[in-house]
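Colleague: I have this model open and would like to understand its interior. Could you take me through one part of it closely, and then through what lies elsewhere?

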Amino acid sequence: MARDTTDQTPISSVQDLTDYIAAGNKPRERFRIGTEHEKFAFFRADNSPVPYFGDASISALLTGLQKKSGWEPITDGGNIIGLAEQHGMGAISIEPGGQFELSGAPLETIHETCKESNQHLATLREIAEPMGIRFLGIGGSPKWTYAETPQMPKSRYEIMTRYMPKVGTQGLDMMYRTCTIQVNLDFSSEADMRKKMRVSMKLQSLATALFASSPFTEGKPNGLLSWRGDIWRDVDNRRAGLLDFTFRDDFGFRDYAEWALDAPMYFIVRDGRYHDCTHVTFRQFMNGALKGEVADPAPTMGDWTNHLSTLFPDVRLKRFLEMRGADGGPWRRICALPAFWVGLLYDDAALDAADELTKDWTFAEISALRNAVPAEGLKAQFRGHPLFDMAREVVGISRAGLKARGKLNREGQDETIFLAPLDEVLAKKATLAEDLLSLYHGRWHGSVEPVFEDYQY
């Protein structure tokens, strides 16, 4: 999220919070695709991380991009921390460890999404190259320790950094040493949201396996294929992970709002200042818990919007659904991840097929799979078979959904072309993480340094 909102609309009831989410309902013809991707900035000379301050820095990259694009700068405490396209269609932000993120505009096709990402990377290279900066596209920081990783001057991150060690063992690694690719997708009604949430929550671990690309930590193999996936097993389980109530037949917007109400807050913004609110839940906030602690202690819709952005379930519900399971990866995967989910969720027949495939999967089975996938990837067992078998079937459903959409580029190709990286995984029966490990033990001669050259943008 590039900017925290300050919407002052007052909240009078829980129904207001539910209605806010339900306002995301839109007709199918207005469905869009919003793709986000993060990457690690590093100096080409020595593969060291890029600090925030300095002539060659994260702030200099943002300033250079602002001048070139004309996008509006977003500041925090006088420091530039992001850029927003003037019409609210896209944004650039920085993650806690300097990971550079494009939050793409809501677009109609994967063709447009891929073009957008390629244009962003090309423009970013123009700014970064004279500074000796490049970008790495994998899911976990392969070399730098937490102490070596720079910290960005962003108020919400300062609050999170203090709070994370109190509620889990891996929150700081999540913040500072991981990258992801995500896609945000629409729904037409509560029933449509329910079905998409149910299917995507159940299949999120499969996405983690297919996109696994974080097998290194601090210069050596970490024993995992998706270190990032493992990290999310213990970040803050009151606001993250699988949500069992989303599998109920009567699950709706109100259920998610009630769950969010009982999650601890991170902050509220008053007069441009962030106030640490990690000691209260949003429900307690609504019941007056901050009276006497802050000016204007009554909750607003801006507070609710910001709070929703600080919740981290495997699929996050705001006024759209966010698919959160995948590691970051090379540029082709920036297009493959949205293609995978659009194929499954934006065609009725494909969505029905995916729902039918997963309808009797239990919460216990899905939890066990989520725990197994970070280490085992597509070799993880599900009902006596390797997850690879399920992956082949699900990618087939996605392909059929993309074909049915019939969105063609100028060359007459449909969106199935963007599944090619997943086809390669299935053909080789090996994830990108396993490719990286093979290189480490082979051509790279036991060093992670070549990953910066071979997998840079």
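What follows is a request about one strand and a connected reply.

Colleague: Please look closely at strand E8 (residues 181–185). Which strands does E8 pair with, and are its residues buried or exposed?

Modeller: Happy to! Please keep in mind that this is a predicted model. Let me begin with the burial of the strand. Five of the five residues of E8 are buried, so this strand is largely enclosed by the rest of the structure. A general point helps in reading the pattern. In a regular strand, side chains alternate between the two faces of the sheet. In E8, Ile181, Val183 and Leu185 are on one side, Gln182 and Asn184 are on the other, and all of them are buried. Both faces of the strand are therefore covered, given that buried means under 20% relative accessible area.

Now to the partners. E8 pairs with strand E1 (residues 33–43) in the antiparallel sense, over five bridges. To find this pairing on your screen, start from Ile181 of E8, which is the bridge partner of His37. E8 is also joined to strand E16 (residues 321–323), again antiparallel, by three bridges. Here you can start from Asn184, whose bridge partner in E16 is Glu322.

Just before the strand in sequence comes a cysteine, which leads to the cysteines of the model. Cys179 counts as buried because its relative accessibility is 0%. Cys277 is buried too, at 1% relative accessibility. The count of disulfides comes to one, and Cys114 and Cys335 form it, with their sulfur atoms 2.0 Å apart. Cys114 lies in helix H3 (residues 110–128) and Cys335 in helix H11 (residues 331–345), so the pair ties together parts that are 221 residues apart in sequence. Cys179, by contrast, is in no disulfide; its nearest cysteine sulfur is that of Cys335, 17 Å away. The link between Cys114 and Cys335 is right-handed, with 80 degrees about the S-S bond. Both ends of this link are buried: Cys114 has a relative accessibility of 7%, and Cys335 has a relative accessible area of 1%.

Next, the empty space. Searching the whole structure gives three cavities of 30 Å³ or more. The largest cavity holds about 150 Å³ and has 14 lining residues, with Thr208, Trp232, Asp314, Gly325 and Arg370 nearest its centre. At least two lining residues come from each of helix H6 (190–210), helix H7 (227–231), strand E14 (312–313) and helix H13 (363–376). By class, this lining has five nonpolar, five polar and four charged residues. The second largest cavity, of about 50 Å³, has a lining with seven nonpolar, three polar and no charged residues. Among its lining residues are Phe40, Ala41, Ile58 and Trp144.

Finally, let me turn to two loop residues with backbone angles worth a look. Most residues other than glycine have a negative phi. Lys429, however, has a positive phi near 55 degrees and sits in the loop between helix H15 (420–428) and helix H16 (432–441). His445 also has a positive phi, of about 55 degrees, and lies in the loop between H16 and helix H17 (450–454). Lys429 is exposed, with a relative accessible area of 55%, and His445 is exposed at 71%.

Methods: Residues numbered from 1 in each chain as written. Predicted model: local features only at pLDDT ≥ 70, side-chain atom pairs only at ≥ 80, totals over all residues. Heavy atoms only, no water. Disulfide = S-S within 2.5 Å. Helix = DSSP H or I, 4+ residues; strand = E, 2+ residues; numbered from the N terminus. Buried < 20%, exposed > 50% of the residue type's maximum accessible area, 1.4 Å probe, protein only. 1 Å grid on protein atoms, 1.4 Å probe; cavity = no way out; pocket = protein on both sides within 12 Å on 5 of 7 lines; lining within 4 Å. Points joined across faces, edges and corners; volume = space filled by probe spheres on them. Nonpolar A, V, L, I, M, F, W, Y, C, P; charged D, E, K, R; others polar. Pairing = 2+ DSSP bridges.
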